[in-house]
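Open the model in a viewer and keep the sequence panel beside it. Each stop below says what to select and what is there.

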Amino acid sequence: MNKRLPLSLVAAFFVAGLAVSPGHAQAPVPCEDMLKDVRAKMTTAKLSDADKAKVQVLEAKGVERCNADDDKRADEFFTQALKVLGN
């Protein structure tokens, strides 16, 4: 008796494993690229003083993490800033 699994079943298990495996999370975007996006949006955004201050704080925190080579955390701060900017 042949004890091999059909290739389609092996492929299905492989794909299912990739879908739930936390080790295969998407790599962070280079923080320098996200910083450029934040700064570009700031030039055209119409923000209240409070929102502008919030974006500036998030940008500063992101730059600090970016300088520490912590792109993942920097990207989180920049993503928050982009949300305030309307993205």
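Select helix α3 (residues 49-67) and helix α4 (residues 71-84). In this predicted model, the axes of α3 and α4 come within 8 Å and cross at roughly 165°. Angles over 145 degrees count as roughly antiparallel, so α3 is roughly antiparallel to α4. The crossing in which α3 passes α4 is left-handed.

Now show the side chains along this contact. On the α3 side, select D51, K54, V55, L58, E59, K61, G62, V63, R65 and C66. Their partners in α4 are R73, A74, F77, F78, Q80, A81 and V84. Sorted by class, the residues in the contact of α3 with α4 are nine nonpolar, two polar and six charged.

Stay on α3 and pick L58. Is L58 buried or exposed? L58 has a relative accessible area of 8%, under the 20% cut-off, and so is buried. Which residues does L58 touch once its neighbours within four places in sequence are set aside? The contacts of L58 are F77, F78, Q80, A81 and V84, and each of these five is also on the α4 side of the helix contact. Draw a distance from L58 to F77: the C-alpha atoms are 5.4 Å apart, while the two residues are 19 apart in sequence.

Next, select E59, also in helix α3. E59 is a charged residue by class, yet at 14% relative accessibility it counts as buried. Beyond its neighbours within four places in sequence, E59 is in contact with L35, V38, R39 and F78. Of these partners, F78 belongs to the α4 side of the contact with α3, whereas L35, V38 and R39 are in α2. E59 therefore appears in the contact lists of α3 with both helices, α2 and α4, as the 4.5 Å contact cut-off defines them.

Follow those partners to helix α2 (residues 31-44). The axes of α2 and α3 are 11 Å apart, and the helices pack at an angle of about 160°. That angle makes α2 and α3 roughly antiparallel to each other. As with the previous pair, look at the handedness: α2 passes α3 in a left-handed crossing.

Display the side chains of this second contact. From α2, take C31, E32, L35, V38, R39 and M42. From α3, take K52, V55, E59, V63 and C66. The contact of α2 with α3 comprises seven nonpolar, no polar and four charged residues.

Two of the residues just selected deserve a closer view. Zoom in on C31 and C66, which are joined by a disulfide with an S to S distance of 1.9 Å. A disulfide is a covalent bond between the sulfur atoms of two cysteines. How many disulfides are there? The count comes to one. The link of C31 and C66 is right-handed, with 70° about the S-S bond. Because C31 lies in α2 and C66 in α3, the pair ties together parts that are 35 residues apart in sequence. Both ends count as buried: C31 has 0% relative accessibility and C66 has 10%.

Move one place along the sequence from C66 to N67, in helix α3. N67 counts as exposed, at 63% relative accessibility. Draw a C-alpha to C-alpha distance from N67 to E32: it comes to 9.5 Å, for residues 35 apart in sequence.

Continue to D69, in the loop between α3 and α4. What is the sign of phi at D69? Phi at D69 is positive, about 60°, although D69 is not a glycine. D69 counts as exposed, at 69% relative accessibility.

Finally, zoom out to the whole chain. The chain has four helices and zero strands, and from the N terminus on its elements run α-α-α-α. Of the 87 residues in the chain, 18% are buried. Among contacts between residues at least 6 apart in sequence, 65% join residues at least 24 apart.

Technical notes:
Residues numbered from 1 in each chain as written. Predicted model: local features only at pLDDT ≥ 70, side-chain atom pairs only at ≥ 80, totals over all residues. Heavy atoms only, no water. Disulfide = S-S within 2.5 Å. Helix = DSSP H or I, 4+ residues; strand = E, 2+ residues; numbered from the N terminus. Buried < 20%, exposed > 50% of the residue type's maximum accessible area, 1.4 Å probe, protein only. Axes fitted to C-alpha atoms, helices over the stretch in contact; angles between N-to-C directions. Parallel < 35°, antiparallel > 145°, perpendicular 65-115°, else oblique. Left-handed = near helix turned anticlockwise from the far one by under 90°.
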